[in-house]
Amino acid sequence: MAEINDPRFRVVGPGWKKHQPVIQRPALRKRLKGKPIPALILLLLIVAGCVLAGRLANHDPAGFYLQHLNQAPNSEFYFGTDSLGRDIYSMIWYGGRVSLSIGLMSMVIICIIGIPYGCISGLANTKVDAAMMRIAEVASSIPNLLTVLLLVSVIGKQNTFTLSFIIGITGWFPLARIVRSEVRQIRSSEYVLAARCMGVSFPRIMTRHLIPNFVSSILFVVISSISSSMSMESTLSFLGLGLPVDVISWGSMLSLANRALLLDTWWVIIIPGVFLLVTLNCITSLGNFYRKETNKKHSNL
């Protein structure tokens, strides 16, 4: 029988050709579905504007243009001026720096206090754990605004750091409780028990074994603490107990709201309020997204 050289009639056996599966990546639209892309873009634009405030501002934010008091938005003063003659457009970008700085510094202080406190309580014995949690529960039962007002009145004149410190030391209790509950679940794991038996120090156990296992669970609280700190600063400034008027922030700009209502200068209230609300909503949307993503994941405990 003549040999058939046509490749279409080649005799093959098992293993002649390996199957290469084609992995199809989902479309970009499907990958972005459910993600807070608009909130992220808006937040990045606002943060970029605050970082580049020196380039965006067309007037001195601390300058008093006495010939242009309470002017409505126009071609020279894009967002108008307040009762002191200051350019609101320039103040928005420089004030955003201060408000965002207060939110970030307060968040750092909350993490510095709340995470170690929750880890210590979660690893401690029953009596120490109960005592530490009772202290946190009693402190958190007092209205946060009342505690902040008390500390602000005791300290007196505020600046960016002192106000961030006050907000931070009064807002770490929810984070500590969440960290404590997470540590109580993983403290009986083999790697934690082995580290404790080998005499590994507590800071190393916390940073090497505990925090990497519950960081996704506390990410929502950490992100939300930025927006809550910014709103607390605005509330204090509105009440006249926050930053002084000469320190420009979105909250101190809103402290002139009473005078603006009497003078019918809506732009003094609306424009800083819109920037503050948009920023807070964007941060909250990102926090809710991370919380939902964390809840979708399977627990390894």
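Here are some questions and answers about pockets, salt bridges and a surface patch in this predicted model.

User: Which element gives the most to the lining of the second largest pocket?

Analyst: That pocket has a volume of about 290 Å³ and is lined by 18 residues, with Asn-144, Thr-170, Gly-171, Phe-173 and Pro-174 nearest its centre. Helices H5, H6, H8 and H10 each give two or more residues to the lining. The top contributor, with 6 residues, is H10.

User: How many charged residues are in the lining of the second largest pocket?

Analyst: Split the lining by class and you get 9 nonpolar and 9 polar residues. That leaves the charged class, and the count there is none: no charged residues.

User: What is the volume of the largest cavity?

Analyst: The structure holds 1 cavity of 30 Å³ or more. Its lining includes Met-91, Met-253 and Leu-256, and helices H4 and H13 each supply at least two of the lining residues. The space inside comes to about 30 Å³.

User: Which 2 residues are the charged ones in the lining of the largest cavity?

Analyst: By class, this lining has 6 nonpolar, no polar and 2 charged residues. Going through the names, Ile-88, Met-91, Met-253, Leu-256, Val-268 and Pro-272 are on the list, and these types count as nonpolar. Asp and Arg count as charged, so the pair is Asp-82 and Arg-86.

User: Are Asp-82 and Arg-86 buried or exposed?

Analyst: They form a salt bridge, the closest N and O atoms being 3.0 Å apart. The cut-off for buried is under 20% relative accessible area. Asp-82 has 2% and Arg-86 has 4%, so both are buried.

User: How many residues apart are Arg-184 and Asp-129?

Analyst: These two form a salt bridge at 3.8 Å between the closest N and O atoms. The pair links distant parts of the chain, with Arg-184 in helix H8 and Asp-129 in helix H5. Along the chain they're separated by 55 residues.

User: Which residue is linked with Asp-129 and Arg-184 in a network of salt bridges?

Analyst: Asp-129 is buried at 5% relative accessibility, while Arg-184 is partly exposed at 27%. The salt-bridge network takes in both of them, and the remaining member is Arg-180.

User: Which helix holds both Glu-137 and Arg-134?

Analyst: Their side chains meet in a salt bridge at 3.0 Å, N to O. Glu-137 is partly exposed at 36%, and so is Arg-134 at 42%. They sit 3 residues apart, about one turn of the helix, in H5.

User: What is the relative accessible area of Val-47?

Analyst: Val-47 lies in helix H2 and helps make a nonpolar surface patch of about 310 Å² with Val-51, Leu-52 and Leu-56. Patch residues need over 30% relative accessible area. Val-47 is partly exposed, and its value is 31%.

Notes
Residues numbered from 1 in each chain as written. Predicted model: local features only at pLDDT ≥ 70, side-chain atom pairs only at ≥ 80, totals over all residues. Heavy atoms only, no water. 1 Å grid on protein atoms, 1.4 Å probe; cavity = no way out; pocket = protein on both sides within 12 Å on 5 of 7 lines; lining within 4 Å. Points joined across faces, edges and corners; volume = space filled by probe spheres on them. Helix = DSSP H or I, 4+ residues; strand = E, 2+ residues; numbered from the N terminus. Patch = residues over 30% accessible without salt bridge, like charges linked within 9 Å, V, L, I, M, F, W, Y side chains within 5 Å. Areas by Shrake-Rupley, 256 points an atom, 1.4 Å probe, with all protein chains shown as cover. Salt bridge = Lys/Arg side-chain N within 4 Å of Asp/Glu carboxyl O. Buried < 20%, exposed > 50% of the residue type's maximum accessible area, 1.4 Å probe, protein only.
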